[in-house]
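Reader: I should like to understand how descriptive terms are assigned to a protein model. Would you explain the reasoning step by step?

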Amino acid sequence: MTEIFPQTATAADVIAAYEQVNLINNIRTPAASGIEILNPATGELLGTAAGSSADETDAAVAAAYAAQVEWAKVPARQRGKLVSAAARAVVEHGELVAQVLARETGKAIRTECRGEVSVAADILDFYGNLGSELKGQTVPFHPRSLTMTTCEPLGVVAAILPWNVPLVLGALKVGPALVAGNSVVLKASEEAPYATFLVAEIMMQFLPAGVLNVINGDGANCGHALTHHKDIAKITFTGSEAVGQKIYEVAARKIIPTSLELGGKSPMIICADADLDKTVSGAISGMRFTRQGQSCTAASRIYVHQDVFDTFMERIGEELDKLTIGDPLDEGTDVGTIISAKQRAVIDGFIAQAENTKGVEIKRFGTLPTSEALSADLFMQPTLLLGLPDDHSCVTQEIFGPVAVIQVWTDYDDVIAKANSTHYGLAASIWTKDLSTALDSTARLNAGYVQVNQNLTIQPNVSYGGFGRSGLGKEASLEAMLAHFTRSKTIVMNFD
């Protein structure tokens with residue numbers, strides 16, 4: 001393996017290396033235009049990433065298409081070993097990757113970025129070890145015929161990433177696609193592309209040229225060209241519901257498979273018998289406050305039983321006040337910034353609607369940073385909204401910021417109904433010591449990822465995906481690789 005960066009390399013060195021380039025055929029390929037990338041914490045210009053045109057996107061797809069046939073011939077276990085080796089290399093470069101990620105996303109390096117790098121590498125290694133599971137079945141069709149099924153790769157996979165956890169979500173797409181024998185064109189987030197480019201180029205040291213390609217650009221040019229390309233055999237997308245719907249329409253016209261991981265408005269139900277130590281901690285982690293609430297699985301609707309409401313509110317307020325909001329690169333920081341001014345405006349719009357609603361109480365926690373070296377515009381306090389009606393936009397729509405709605409409940413059937421009163425169905429949790437309640441609620445909650453007494457994020461080997469308008473398909477499991485990155489062929493042999 002050739003080291004792409006020396007051990008002394010800094011985040012600035014990495015960003016400079018990806019100045020207005022794509023990664024095509026394992027080569028840094030200049031793009032004709034660029035997109036400026038800002039550091040959310042300081043407002044400073046980090047660099048100019050590629051702003052890929054339709055022609056540049058086509059070049060990436062052509063490279064992937066040419067490489068896929070030979071890649072599919074590599075034995076599946078060997079493909080897996082290469083992906084696992086790449087995962088280990090990502091770990092070895094983990095600190096450098098985390099430093100880049102913190103600068104472009106504004107996420108705190110200690111509480112968010114290092115963990116994301118670790119989980120992404122773990123996901124790649126998990127899929128790397130599943131190469132031997134790409135197998136079919138023999139079918140008892142006729143005693144004098146050999147009838148069997150096989151798993152084949154689809155071809156070129158278009159994988160489109162968001163900015164909130166680009167490395168983990170990228171690993172969930174790239175890992176199973178590559179091990180299954182597909183080639184990939186990965187579209188990085190146009191707001192936070194650099195860490196994605198770095199991880200991909202680390203992986204490329206273990207992969208044949210063209211098997212993995214990375215492009216960057218906006219949706220209107222790069223995204224449109226990628227999803228509409230005739231040689232794309234599969235689209236996997238994580239992002240907004242609105243964009244996901246457009247992609248699904250494109251895939252339907254092309255009649256190709258699509259995986260969509262979209263929005264969420266996840267309920268968290270706290271019962272009267274819940275362990276409040278675990279529950280308060282679970283609410284803070286489940287709401288992803290250290291990620292500024294920028295998560296589709298965020299527990300943004302918290303239903304608290306009346307008997308423990310006052311205690312819960314007191315305890316969660318105390319814990320939220322302990323969170324340090326500040327420079328993402330400071331080891332003492334718990335909470336960094338919102339990704340962009342555009343997203344901050346969306347969040348502020350929701351809070352303004354709450355402020356204009358009669359009877360609503362807004363509670364903010366923590367202290368905003370005062371350092372002149374930081375741009376104050378994108379730092380926000382964890383915020384809880386109380387007293388909202390059930391049909392309020394803050395209750396029904398995804399805010400994607402550090403804002404959670406708190407509601408009181410007394411009737412069990414009623415709170416289950418309220419939890420399900422959403423067109424989303426990504427995640428849910430219930431907090432209780434009673435096994436009967438746990439079993440009943442997990443059966444009744446309309447979400448694809450339901451947890452009891454915990455609010456974990458995506459974990460390798462735990463199938464993850466939503467119902468309703470939260471998307472289509474599953475990720476993070478063997479099931480996901482087989483169902484979404486292979487096609488089944490039936491073979492009947494008759495020598496009678």
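Author: The following exchange sets computed values against definitions. This is a predicted model, in which local features need pLDDT of at least 70 and side-chain atom pairs count only at pLDDT 80 or more, while totals for chains, interfaces and linings use all residues. Residues are numbered from 1 along each chain as its sequence is written, and side-chain values use heavy atoms, with hydrogens and water left out.

Reader: What makes Glu201 and Arg28 a salt bridge?

Author: A salt bridge is a side-chain nitrogen of Lys or Arg within 4 Å of a carboxyl oxygen of Asp or Glu. The N to O distance between Glu201 and Arg28 is 3.1 Å, so the pair satisfies the rule. Glu201 belongs to helix α7 (residues 194-204) and Arg28 to strand β2 (residues 27-30), 173 residues apart. Helices (H or I, at least four residues) and strands (E, at least two) are DSSP runs, numbered from the N terminus. By the salt-bridge rule, the count comes to 23.

Reader: Why does Glu201 count as buried, and why does Arg28 count as partly exposed?

Author: Buried means under 20% relative accessible area, exposed over 50%, and partly exposed in between (1.4 Å probe, protein chains only). Glu201 has 7% relative accessibility, so Glu201 counts as buried. Arg28 has 30%, so Arg28 counts as partly exposed.

Reader: Which residues are linked with Arg114 in a network of salt bridges?

Author: The network links Arg114 with Glu95 and Glu331. The closest N and O atoms of Arg114 and Glu95 are 2.8 Å apart. For Arg114 and Glu331, the N to O distance is 2.7 Å. Arg114 lies in helix α5 and Glu331 in the loop between α11 (309-321) and α12 (341-355), so this pair ties together parts 217 residues apart in sequence. Arg114 is partly exposed at 28%, as is Glu331 at 42%.

Reader: How do you know that Cys394 has no bond to the closest cysteine sulfur?

Author: A disulfide is a covalent bond between the sulfur atoms of two cysteines. The rule applied here requires the pair of sulfur atoms to be within 2.5 Å. The closest cysteine sulfur to that of Cys394 is in Cys296, 19 Å away, and therefore too far for a bond. A search of the whole structure finds zero disulfides. Cys394 counts as buried because its relative accessibility is 0%.

Reader: What makes Phe141 exposed?

Author: Phe141 has a relative accessible area of 57%, so Phe141 is exposed. Phe141 is found in the loop between α5 (109-128) and β5 (145-153).

Reader: Why is Gln407 called buried, and which residues does Gln407 touch?

Author: Gln407 has 8% relative accessibility and therefore counts as buried. Gln407 is part of strand β15 (residues 403-409). Contact means heavy atoms within 4.5 Å. Leaving out residues up to four places away in sequence, Gln407 touches several residues, including Ile302, Tyr303 and Val395.

Reader: How many residues does the largest nonpolar core have?

Author: A nonpolar core is a set of buried Ala, Val, Leu, Ile, Met, Phe, Trp, Tyr and Cys residues joined through side-chain atoms within 4.5 Å. The largest such core has 81 residues, and Leu178 is one of those with the most contacts inside it. A second, separate core of 31 residues includes Phe365 and Ile406.
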